[in-house]
Amino acid sequence: MKTPSKAAKLVLYAIYSIFTAVLYGWFTFYIFARLVHAVDGFSALHAYIVNLFIIVIVLIADTLINNYVVTKYVPRKRNGMFSRFLYWESLISFKTTLYLFYIFILIISRVFTLEPQLIFHEVFYSFVLSIEYGLILVVVFDKLIDHLAKDVTRIKVIAEKLRGTFDKKDT
């Protein structure tokens, strides 16, 4: 597989990041719209809770996948389908997709607030309002997961240094 030039990678990165953000947005809107029509009394609060759940799952999955690829994965077959997926996935992470998507949502939310006559679909408007501040949640959960990962690493280092210290009896 031929590696693209830096300019081509930048263009592919931009296209791929916008594509994945739109795909993620479509997926979350599809879930929201289905739940609104399927569940009686499904409210913006319920959508907010589902959004929290999705953000946490995506950020944890992103961290686990990136850790696995960086530390443990060794490609066996140069032209394998999984290796190609990892190459494309290495262009952008799920975390970047979340950030980009919620930036779009914040912009759309502000446009709807400033120009209410632009609201063209009530379910979409409810969807935007229910996840309006999702970017703040992404940042907070992202930082929390980073800090937890650092704490786990720190705890492992300290535990390794202290290994055997508590097993000995003081005489």
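**View 1. Ile-107 and the nonpolar patch around it.** In this predicted model, Ile-107 is partly exposed, with a relative accessible area of 49%. You'll find Ile-107 in helix H4. Look around and you'll see a nonpolar patch on the surface, made up of Ile-18, Val-22, Ile-103, Phe-104, Ile-107, Val-111 and Leu-118. Taken together, these residues show about 580 Å² of accessible area. Two elements, H1 and helix H4 (94-114), each give two or more residues to the patch. H4 is the top contributor here, with 4 residues.

**View 2. The cavity lined from H1, H2 and H5.** Searching the whole structure turns up 1 cavity of 30 Å³ or more. About 90 Å³ of space lies in the largest cavity. Three elements give two or more residues to its lining: helix H1 (6-38), helix H2 (44-71) and helix H5 (122-130). For anyone picking out side chains, the lining consists of Thr-28, Ile-31, Phe-32, Leu-35, Phe-42, Ala-47, Val-50, Asn-51, Ile-54, Phe-127, Ser-130 and Ile-131. Sorted by class, that makes 9 nonpolar and 3 polar residues, with no charged ones. Thr-28, Asn-51 and Ser-130 are the polar members of the lining.

**View 3. Glu-132 and Arg-110, a link between distant parts of the chain.** Here's one of the 4 salt bridges that a search of the whole structure finds. Glu-132 pairs with Arg-110, and the closest N and O atoms are 2.3 Å apart. Glu-132 sits in the loop between H5 and H6, while Arg-110 belongs to helix H4, so to speak a meeting of distant parts of the chain, 22 residues apart. How buried or exposed is each partner? Glu-132 counts as buried, at 9% relative accessibility, whereas Arg-110 is partly exposed, with a relative accessible area of 39%. The cut-off for buried is under 20%, so Glu-132 at 9% falls on the buried side.

**View 4. Asp-151 and Arg-154, a salt bridge inside H6.** This pair stays within a single element: both residues lie in helix H6, 3 residues apart, which is about one turn of the helix. Asp-151 forms a salt bridge with Arg-154, with 3.6 Å between the closest N and O atoms. Asp-151 is partly exposed, with a relative accessible area of 32%. Arg-154 counts as partly exposed too, at 45% relative accessibility.

**View 5. Glu-160 and Arg-163, another salt bridge.** Glu-160 forms a salt bridge with Arg-163, and their closest N and O atoms are 3.4 Å apart. Glu-160 is partly exposed, with a relative accessible area of 49%. Arg-163, on the other hand, is exposed, with a relative accessible area of 61%. Exposed takes over 50%, so Arg-163 makes the cut at 61%, while Glu-160 at 49% stays partly exposed.

**View 6. Asp-142, a buried residue of H6.** Asp-142 has its place in helix H6 (residues 134-162). Is Asp-142 buried or exposed? Asp-142 is buried, because its relative accessible area is 8% and the buried class covers anything under 20%. Ile-55 is shown as a reference point: Asp-142 and Ile-55 are 87 residues apart in sequence, yet their C-alpha atoms are 9.2 Å apart in space.

Conventions:
Residues numbered from 1 in each chain as written. Predicted model: local features only at pLDDT ≥ 70, side-chain atom pairs only at ≥ 80, totals over all residues. Heavy atoms only, no water. 1 Å grid on protein atoms, 1.4 Å probe; cavity = no way out; pocket = protein on both sides within 12 Å on 5 of 7 lines; lining within 4 Å. Points joined across faces, edges and corners; volume = space filled by probe spheres on them. Patch = residues over 30% accessible without salt bridge, like charges linked within 9 Å, V, L, I, M, F, W, Y side chains within 5 Å. Areas by Shrake-Rupley, 256 points an atom, 1.4 Å probe, with all protein chains shown as cover. Salt bridge = Lys/Arg side-chain N within 4 Å of Asp/Glu carboxyl O. Buried < 20%, exposed > 50% of the residue type's maximum accessible area, 1.4 Å probe, protein only.
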